[in-house]
Amino acid sequence: MTTVIKNGTIVTADLSYEADVLIEGGKIAAIGPGLSGDEVLDATGCYVMPGGIDPHTHLEMPFMGTYSSDDFESGTRAALAGGTTMVVDFALPSPGQGLLDALKMWDNKSTRAHCDYSFHMAITWWDRQVFDEMETVVKERGITTFKHFMAYKGSLMVNDDEMFASFRRCAELGAIPLVHAENGDVVAELSAKLLSEGNTGPEAHAYSRPPQVEGEATNRAIMIADMAGVPLYVVHVSCEESHEAIRRARMQGKRVWGEPLIQHLTLDESEYFNADWDHAARRVMSPPFRNRQHQDSLWAGLASGSLSCVATDHCAFSTDQKRYGIGDFTKIPNGTGGLEDRLPMLWTHGVGTGRITPNEFVAVTSTNIAKILNLYPRKGAVLVGSDADLVVWDPEKTKTISAKGQQSAIDYNVFEGKQVRGLPRYTLSRGRVALADGEVTPQEGWGEFVKRPPNGAVNKALSSWKALTAPRAIERAGIPASGV
Ligand code: URP
Ligand code: ZN
Ligand code: ZN
Ligand code: ZN
């Protein structure tokens, strides 16, 4: 059985051209004019692009006394409905729990996935067992990215000594560290002060995490990564202070990538001043939404290439869960949804406004992260031999985003009422049509875990450079190196 996508314009990260796409055995078998197949999908007026890859989701994540409400079933269904064909979720050991033990839990949760997926591993504590198990995680499980929370003091946060040790281990293993960059000590102090002054509502969440806590932590992580000789990926970059640190590092030749979220690009801090407590609390996430100046900085970063990937950090909590924090904003579960809306919102507010081109859209939603995660060209590409994870994108199709009819399990949508122009006509997961004209045809368990090899090109280049410039003892005539 073969499928052919006909009459569309292929849009990749570097090229747009008219051609048909033939799919066989879940892979792209041919690209060119006049192809035929058993099943025909009409792409007249549409762009045929690599399916979105969301590198940052938290499905059924245990967090702040509860679990995020979208699991791998509803979360990946939402992904496909919005043109995303792969998610990378965070396996999160509780402090003291082994990495391999935590992975078993994530293996169990993910059996229901409708689309392909991978994991990042979080480093939430540090000792010999973690150090040892990192090798198995990389070499046997194909998980080559390790997340470090510089915030959430008292639960997930790691200190600088732990982070430096883990970053060095990543360098040895050819892996890449990720950071949630916020100064957790300062956030804890500011939160306590705000509460003691009677600032208990969701707006205080934003006051407790000013851009400086993010800028400081981003700079610190960049310097620590440089000293450890390892590349660095900064998740959910929300502000100019953090972007500036990343931009500067990249200009200095450091291997650093930044990931803004679709929420920070399109929603601002005024959401927290809404008179409706539920409205404000539903938008509580870390880092918080920022003002227009920060949003402009993030858009400029996508256009100029100083920021690399747009994610969602999809971590959806229902209104009832958010209400755990009535009377104390520090107890509002942190997180927002976005899996179904990332591509349409980015297209509408990015391509539709001329801030980014269609090719840049593909780069920041799929190809760049596929390259960073060493998944390219299996994912993130429209090439013969690539997985047929594709989206047939109709740039004229419109809708008004609403919780009514969404795939996500929660009872609201942070983008409620937003008009989008640009939606998938078809989404294909390894050749299987999972969405057609707004209707999802889910298949639980279809999604496969994707292993990722360590030691991508950037790791190799950086380790060569670090070896070449490593400290060396100077030989001096008459002075023995070891002393006498
Ligand atoms: O508020 C957020 N971002 N929740 C999810 C966990 C995290 O920090 O990424
Ligand atoms: Zn985070
Ligand atoms: Zn509202
Ligand atoms: Zn996250």
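**Exercise 1. Work out the strand order of the seven-strand sheet, and find its edges.**

Step 1. The model is predicted; local features need pLDDT of at least 70, side-chain atom pairs count only at pLDDT 80 or more, and totals for chains, interfaces and linings use all residues. Residues are numbered from 1 along each chain as its sequence is written, while chains are lettered from A and ligands numbered from 1 in the order in which they are written.

Step 2. Fix the terms. Strands (E, at least two residues) and helices (H or I, at least four) are DSSP runs, numbered from the N terminus. Two strands pair if DSSP finds at least two bridges between them.

Step 3. Read off the order: β3-β2-β7-β17-β18-β19-β20. The sheet is open and its pairing mixed.

Step 4. Find the edges. β3 (16–18) and β20 (439–440) each have a single partner strand, so one side of each lacks a neighbour in the sheet.

**Exercise 2. Establish the sense of pairing within this sheet, going from β2 to β7, from β7 to β17 and from β18 to β19.**

Step 1. Take β2 and β7. They run parallel and are joined by two bridges. Isoleucine 10 has valine 48 in β7 as its bridge partner.

Step 2. Move on to β17 (residues 390–400). It pairs with β7 in the antiparallel sense, over four bridges. Here methionine 49 has valine 391 in β17 as its bridge partner.

Step 3. Finish with β18 (residues 419–429) and β19 (residues 432–436). Four bridges link them, again antiparallel. Leucine 428 faces valine 433 in β19 as its opposite residue.

Step 4. Add the helix. α14 (residues 358–372) lies across β2 (9–11), β3 and β7 (47–50). Its angle to β7 is about 30°. Contact means C-beta atoms, placed from the backbone, within 7 Å. Axes are lines fitted to C-alpha atoms, for helices over the stretch in contact, and angles run from 0 to 180 degrees between N-to-C directions.

**Exercise 3. Describe the four-strand sheet.**

Step 1. The order is β5-β4-β1-β6, open, with mixed pairing.

Step 2. β5 (27–32) and β6 (39–42) are the edges; each has a single partner strand, so one side of each has no neighbour in the sheet.

Step 3. Neighbouring strands of this sheet are turned by 20° against each other on average, direction ignored.

Step 4. β4 (residues 20–24) and β5 run antiparallel, joined by five bridges. Isoleucine 23 stands opposite isoleucine 28 in β5.

**Exercise 4. List the residues around ligand 1 and classify them.**

Step 1. A residue counts as near if its C-beta atom, placed from the backbone, lies within 6 Å. The shell holds His58, His180, His236, Met285, Ser286, Asp313, Cys315, Asn334 and Gly335.

Step 2. Apply the classes. Ala, Val, Leu, Ile, Met, Phe, Trp, Tyr, Cys and Pro are nonpolar; Asp, Glu, Lys and Arg are charged; the others, Gly among them, are polar. The split is two nonpolar, six polar and one charged.

Step 3. Check the backbone at two shell members. Serine 286 leads into proline 287 through a cis peptide bond, with omega near -10°. Proline 287 sits in the loop between α10 (277–282) and α11 (292–304). Aspartate 313 has a positive phi, near 55°, though it is not glycine. It is in the loop between α11 and α12 (319–322).

**Exercise 5. Judge how compact the protein chain is.**

Step 1. Count the elements: 15 helices and 20 strands.

Step 2. Compare radii. The radius of gyration, taken over C-alpha atoms, is set against the globule rule, 2.2 Å times the number of residues to the power 0.38. The chain gives 22 Å, close to the 23 Å of the rule for 484 residues, so it is as compact as a globular protein of that length.

Step 3. Add the extents. The C-alpha trace spans about 80 × 65 × 40 Å along its principal axes.

Terms used:
Two residues are in contact if their C-beta atoms, placed from the backbone, lie within 7 Å.
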